[in-house]
Amino acid sequence: ATLAIAGAPSTSITHQTSISLQGIINYACPPSHTVSFNWTVVPALPASVTLTTITLSVMARTLSVATTYTFILTASSVEFGRVSANVSVHVVPSAPQALIVGGNTQIGTAQQIVLDGSRSVDRDGLNTPSAFAYSWSCISPSCSLATLPSMMTGSSLTLPANSLPASHTYLFRLNVTLRGLSDTTTAYVDVVAAPLPTVIILPINDAVNPDVKTTINGIGLPAPGSSSTDLTYEWTVQLCGHLDVTNPAQAVTGNTSPEL
């Protein structure tokens with residue numbers, strides 16, 4: 001009998017990737033006795049992983065980052081003895097996910113602009129936010145950095161009131177670096193002369209399960225000189241097919257609450 005493992009003899013995956021290794025066995029003659037299979041993994045996997053079938057499945061986030069695993073599949077039978085095959089899998093770090101809270105909004109010149117990048121995500125779940133390196137820039141229109149704070153490398157970017165002229169939409173870029181890997185995102189701020197309330201939608205970091213209730217949190221901050229009791233809310237959804245946020249059967253909270 002000959003034994004192989006489907007795919008390349010060596011591969012790389014990220015910590016958030018699940019893997020499935022499929023053994024392939026060929027017989028000179030069909031065996032009349034039971035053939036048993038066993039996987040040996042170095043370094044060892046958690047005891048919850050089944051190692052006695054021809055297919056080995058490992059869930060995402062099981063393997064350790066920056067580690068190379070050797071997977072050895074052995075087939076045994078009284079007729080042909082033992083045959084084995086092996087592959088190696090190297091787990092590489094994932095790039096972070098850059099997120100900006102407080103952007104994609106309209107704001108008055110008399111209000112400060114606060115863009116918060118501290119909710120950026122380590123997809124591997126290994127580091128605290130302090131491990132991130134941040135870099136902010138204003139890319140459109142071509143803001144002179146002389147008008148912006150000297151500290152463009154913090155987790156948040158705060159522009160004092162009256163920092164930017166009205167009647168312009170400014171596009172800001174955030175670059176986040178972690179373990180030598182980077183991700184970039186952008187957010188716009190439309191600056192107008194009149195004082196306006198500030199609206200923030202907190203980001204959802206992961207894909208959602210369609211069978212589980214999803215909550216989207218919004219925050220409304222009153223305009224200068226106004227009260228929070230003056231705020232009203234209305235959610236709308238664009239390009240989402242049949243979703244109707246005014247339908248209580250689809251949106252539990254309705255479309256006039258800070259939480260959808």
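A residue counts as buried under 20% relative accessible area, as exposed over 50%, and as partly exposed in between. This cut-off will be needed at several stops of the tour. At 33% relative accessibility, Arg 179 therefore counts as partly exposed. The model on the screen is a predicted one.

**The whole chain**

Begin by displaying the complete protein chain as a cartoon. Its secondary structure comes to zero helices and 15 strands. Next, switch on the surface. The accessible surface of the chain comes to about 14700 Å², and 54% of that area belongs to carbon and sulfur atoms. Of the 260 residues, 33% count as buried. Consider also the contacts between residues at least 6 apart in sequence: 61% of these join residues at least 24 apart.

**A four-stranded sheet**

Select strands E8, E13, E12 and E10. In that order, these four strands form an open sheet with mixed pairing. Which strands stand at the edges of the sheet? They are E8 (105-108) and E10; each has a single partner strand, so one side of each is left without a neighbour in the sheet. From one strand to the next, the twist averages 30°. Strands of a sheet pair through backbone hydrogen bonds, in either a parallel or an antiparallel sense. The pairs can now be visited in turn.

- Start with E10 (residues 133-140) and E12 (residues 168-178), which pair in the antiparallel sense over seven bridges. Within this pair, select Ser 135 and look across to Asn 175 in E12, which stands opposite.
- Move on to E12 and E13 (residues 181-192). These strands run antiparallel and are joined by 11 bridges. Select Phe 172 here; its bridge partner in E13 is Ala 187.
- Finish with E8 and E13. Is this pair parallel or antiparallel? E8 and E13 run parallel, and four bridges join them. Ile 107 can be selected as an example, since its position is opposite Val 191 in E13.

**The turn at Arg 179**

Select Arg 179, which lies in the loop between E12 and E13. The two strands form a hairpin, with two residues between them. Phi of Arg 179 is near 50°, a positive value in a residue other than glycine. As stated at the outset, Arg 179 is partly exposed, because 33% falls between the two limits.

**Ser 167, ahead of E12**

Now select Ser 167, in the loop between strand E11 (156-159) and E12. Is Ser 167 buried or exposed? Its relative accessibility is 67%, so Ser 167 counts as exposed. Beyond its neighbours within four places in sequence, Ser 167 is in contact with Val 191 and Val 192. Add Asp 190 to the selection: Ser 167 and Asp 190 are 23 residues apart in sequence, and their C-alpha atoms are 7.5 Å apart in space.

**Asn 104 and a pocket**

Select Asn 104, in the loop between strand E7 (81-92) and E8. Asn 104 is not a glycine, although its phi is positive, at about 55°. With a relative accessible area of 46%, Asn 104 is partly exposed.

Keep Asn 104 selected and turn to the second largest pocket, which has a volume of about 280 Å³. How many residues line this pocket? The lining has 17 residues, of which Gly 102, Gly 103, Asn 104, Thr 105 and Ile 201 lie nearest the centre of the pocket. The elements that give two or more residues to this lining are E8, E13 and strand E14 (198-201). E13 gives the most, with four residues.

**Ser 77 in strand E6**

Select Ser 77, found in strand E6 (residues 67-77). Is Ser 77 buried or exposed? Ser 77 is buried, because its relative accessible area of 9% is under 20%. Then add His 33, Thr 34 and Val 35, the residues that Ser 77 contacts when its neighbours within four places in sequence are left aside.

**A cis peptide bond**

For the last stop, select Val 42 and Pro 43. The peptide bond from Val 42 to Pro 43 is cis, with omega near -5°. Pro 43 has its place in the loop between strand E4 (36-42) and strand E5 (55-58).

Note on methods: Residues numbered from 1 in each chain as written. Predicted model: local features only at pLDDT ≥ 70, side-chain atom pairs only at ≥ 80, totals over all residues. Heavy atoms only, no water. Buried < 20%, exposed > 50% of the residue type's maximum accessible area, 1.4 Å probe, protein only. Contact = heavy atoms within 4.5 Å. Areas by Shrake-Rupley, 256 points an atom, 1.4 Å probe, with all protein chains shown as cover. Pairing = 2+ DSSP bridges. Axes fitted to C-alpha atoms, helices over the stretch in contact; angles between N-to-C directions. 1 Å grid on protein atoms, 1.4 Å probe; cavity = no way out; pocket = protein on both sides within 12 Å on 5 of 7 lines; lining within 4 Å. Points joined across faces, edges and corners; volume = space filled by probe spheres on them.
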